[in-house]
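I opened this entry to log what I looked up in the model. I wanted confidence first, then helices, sheets and the contact between chains.

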Amino acid sequence: MSDDLRELYQEVILDHGRKPRNFGPLEEANRHADGYNPLCGDQVQVHVQVEDGIVRAVRFEGAGCAISTASASLMTQALTGKPADEAKELFEEFHELVVGDGHCGDKLGKLVVFAGVRQYPSRVKCATLAWHTVQAALDDDGQEVTTE
Amino acid sequence: MNAVQQAVSTAPGFDVERVRADFPILRQQVHGKPLVYFDNGASTQKPQVVIDAVSDFYAHDYANIHRGVHTLSERATAAYEGTRDRVRRFLNAADKSEIIFTCGTTEAINLVAQSFGGQKVGAGDEIILTGMEHHSNIVPWQLLAERVGATIKVVPITDDGALDLDAYAGLFGPRTRMVGLVHVSNALGTVNPVQSMIETAHAHDVPVLLDGAQAVAHTPVDVQALGCDFYAFSGHKIYGPSGIGILYGRRELLEAMPPWQGGGDMITTVAFEESTYAAPPYRFEAGTPHIAGAIGLTAALDYVDAIGLPAIAAYEHELLAYATAAVSELPGLRLIGTAPEKASILSFVLDGIHPHDIGTVLDFDGIAIRAGHHCAMPVMTRFGVAATARASIGIYNTRAEVDALVVGLRKVQEMFG
């Protein structure tokens, strides 16, 4: 396998793509949103339980490629336990990571495995679908979000 | 005999290496591997003769058409109108006034839906489409149906990806006004039995539009033998430029149709009290068209005809059979579209692996395929998938490239398995 390919599909991404964490419904959720990528037909439902401004739990459902599934999976881990207002900042940093010039803050932790996506503009939407969706859930406007 | 005909006809039979040499884009590496271009269903590459025709036209003969009395305008007009006659010959239409230039298949279908449909389809009427149409042969009819209050009936797809012809025959009623039918499915590769389906429609006095976008590069088309009322195709899917397309319409139908876009070139006289409209085909061609695109289309049709569509069809058919057998060896691969009559398209899913990941990994091996819903979301729904991976064969593909695809797919399975 070429180095470029490994750079994109890092082991963490392959692992979370195969075995997504926090996958399934969330009974205690009080925020929901659906996300849709019309380019590939991928759909994701994100369920969030927010209490006292803290994200207590996040789970997701849907079907997507390895990158979108891994992104959703790692996102649920990154957000759990964080203040809801920090989600937006984290998404901004993540967005910068996958579309920007490679500078990112120090909050991203494991999420930096998505740095390789920057080289593949057609896959950026795969990596950001779950993030757009969780943002909509936290804003609670009830609208389906699309990547378009 | 022009240079193209000479170049190709001196080769005995179908010589794929000779064909490949005509396409400069194929002489490159992608990610360090020789380019393997299997995305012909989306768009085809251009032979040098097409590139030269467009470039020479801009270098020597370009001007606007149907206008000036000057030399360049006359040259440009003659070349442009020459393409109209070239397309007439290609489709075996009766008259060149039946050939309308559009910017592509999509615009051609919108033209028919708005002009012909707007005139013939009213509240309570019905339009028959099939479940395997490209979005461009669905949405124009939905827009019409919403506007006039008509309904759309859909011919179902069988499990192997053919049309259910009994169901089709049963959809006709006294309010049926139009049939829109894809000649070759872009998502499944199915070649539909269009001739008998047209006969069925005509027995009910219903006209038929054929979407030939995915057909013309792979099978000979004779609109008179088919008896179709409208036929649409795009230049870019038959080795010609993008931005140029064709609508064939039977003359008596075109003559009765109102204009759909207003502007220059489509009128006889203009006054603020009233304007009068030109006869077909000009009535449907407002504004300055893609002149160089038409010039390139002539070169593309010359190129294809010099090799011969029967020879192309035979070669591609054999290669598709080879590819079908080769990929069927892969565990967990499911072909989407296994109708007995197919052309060009190999649509498939791999168990547990998303088509986008397949497409990205293959790209690292220099292999270009399409991954997605192929603008045929109802087909995806029918087969219970969100998307498929699609390798689509063109004139320049080889068995060695199919072998490379299979090696690439094994790599994909190792990586994600």
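**Confidence**

I started with chain B, which averages a pLDDT of 95, with 97% of the residues scoring at least 70. (pLDDT is the predictor's confidence in each residue, from 0 to 100.) Residues 1–12 of chain B fall below 50, and beyond near neighbours in sequence this stretch has 11 contacts in the model. I take two residues as in contact if their C-beta atoms, placed from the backbone, lie within 7 Å.

This is a predicted model: local features need pLDDT of at least 70, side-chain atom pairs count only at pLDDT 80 or more, and totals for chains, interfaces and linings use all residues. Residues are numbered from 1 along each chain as its sequence is written, while chains are lettered from A and ligands numbered from 1 in the order in which they are written.

Chain A has a mean pLDDT of 90, and 93% of its residues reach 70 or more. Among its elements, strand β4 (residues 145–146) of chain A has the lowest mean, 70, and helix α3 (residues 66–79) of chain A the highest, 96. Helices (H or I, at least four residues) and strands (E, at least two) are DSSP runs, numbered from the N terminus. The model as a whole scores ipTM 0.89 and pTM 0.93.

**Helix pairs**

In chain B I looked up α3 (residues 48–61) and α11 (residues 291–307). Their axes come within 8 Å and cross at roughly 150 degrees. That makes α3(B) roughly antiparallel to α11(B). For these angles, axes are lines fitted to C-alpha atoms, for helices over the stretch in contact, and angles run from 0 to 180 degrees between N-to-C directions. Angles under 35 degrees count as roughly parallel, over 145 as roughly antiparallel, 65 to 115 as roughly perpendicular and the rest as oblique.

Which residues make the contact of α3(B) with α11(B)? From α3(B) I list Val49(B), Val50(B), Ala53(B), Val54(B), Phe57(B) and Tyr58(B). From α11(B) I list Ala292(B), Ile295(B), Gly296(B), Ala299(B), Ala300(B) and Tyr303(B). By class, this contact has 11 nonpolar residues, one polar and no charged. Ala, Val, Leu, Ile, Met, Phe, Trp, Tyr, Cys and Pro count as nonpolar, Asp, Glu, Lys and Arg as charged, and the others, Gly among them, as polar.

In chain A, helix α2 (residues 11–18) and α3(A) have axes that come within 8 Å and cross at roughly 90 degrees. That makes α2(A) roughly perpendicular to α3(A). Residues in this contact include Ile13(A) and Leu14(A) of α2(A), and Ile67(A) and Leu74(A) of α3(A). The class split is six nonpolar, four polar and no charged.

**Sheets of chain B**

How many strands does the mixed sheet have, and in what order? It is an open sheet of seven, ordered β4-β10-β9-β8-β7-β5-β6 (chain B). Strands pair if DSSP finds at least two bridges between them. The edge strands are β4 (99–102) and β6 (151–155) of chain B, each pairing on one side only. Neighbouring strands are turned by 20 degrees on average, direction ignored. β5 (residues 126–130) of chain B runs parallel to β6(B), joined by five bridges. Glu126(B) stands opposite Thr151(B) in β6(B). Helix α6 (residues 139–148) of chain B lies across β5, β6 and β7 (176–182) of chain B, at about 145 degrees to β6(B).

The other open sheet has four strands, β13-β14-β17-β16 (chain B), with antiparallel pairing. Its edges are β13 (333–335) and β16 (370–372) of chain B. Here the average turn between neighbours is 30 degrees, direction ignored. Helix α12 (residues 309–328) of chain B packs on this sheet, touching β13, β14 (345–350) and β17 of chain B, and its direction makes about 10 degrees with that of β14(B).

**Hairpin of chain A**

Strands β2 (residues 42–51) and β3 (residues 54–63) of chain A run antiparallel, joined by nine bridges. Val50(A) stands opposite Val55(A) in β3(A). The hairpin has two residues between the strands, and Asp52(A) takes a positive phi near 55 degrees.

**Between the chains**

I closed on the interface, where 15 residues of chain B are in contact with 17 residues of chain A. On chain B, α13 (355–364), α14 (377–382) and α15 (399–416) each give two or more residues. α13(B) gives the most, with five. The chain B side divides into eight nonpolar, six polar and one charged.
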